[in-house]
Amino acid sequence: ISMGSAVFCVGSVLGAKGNTKAQTIKGGGKIFIRAEKAKDAGSLRLRMSGVKLTNTDGYFNKSDPFYQFTKKEEGFRGTEWNIV
């Protein structure tokens, strides 16, 4: 079950105050992103955290949330989002 998702344009994040942007997700909550220009090409460093995440597995179970990264690729069927 997806708890939320957001798409950020790196250029708009780097142009924002403090290089930080946020988007509200369905069901409440926000996803924040902060970016910095890399000194060397080809590297990406992320720091992510979840705060007050909703338990989607019911009262007697405990959710096990995770992050999933996808990338946009052009395939035989057109544009596809594939898990990295």
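**Exercise 1.** Work out what share of the chain's contacts between residues at least 6 apart in sequence join residues at least 24 apart.

*Solution.* Start with the term: a contact means heavy atoms within 4.5 Å. Then take the contacts between residues at least 6 apart in sequence; 12% of them join residues at least 24 apart.

A quick word on the ground rules. This is a predicted model, where local features need pLDDT of at least 70, side-chain atom pairs count only at pLDDT 80 or more, and totals for chains, interfaces and linings use all residues. Residues are numbered from 1 along each chain as its sequence is written, and side-chain values use heavy atoms, with hydrogens and water left out.

**Exercise 2.** Place Val10 in the fold and decide whether Val10 is buried or exposed.

*Solution.* First, lay out the elements: from the N terminus on, they go α-β-β-β-β (DSSP runs numbered from the N terminus, helices being H or I with at least four residues, strands E with at least two). Next, find Val10: it sits in helix H1, residues 10-15. Now check the cover: Val10 has a relative accessible area of 54%, so it's exposed (buried is under 20%, exposed over 50%, partly exposed in between, with a 1.4 Å probe and protein chains only). Finally, look across to Lys37, 27 residues away along the chain: the two C-alpha atoms are 9.7 Å apart.

**Exercise 3.** Track down the salt bridge in the whole structure.

*Solution.* Look for a side-chain nitrogen of Lys or Arg within 4 Å of a carboxyl oxygen of Asp or Glu. The search turns up one. It pairs Arg77 with Glu80 at 3.3 Å, N to O. Arg77 itself is exposed, at 75% relative accessibility.
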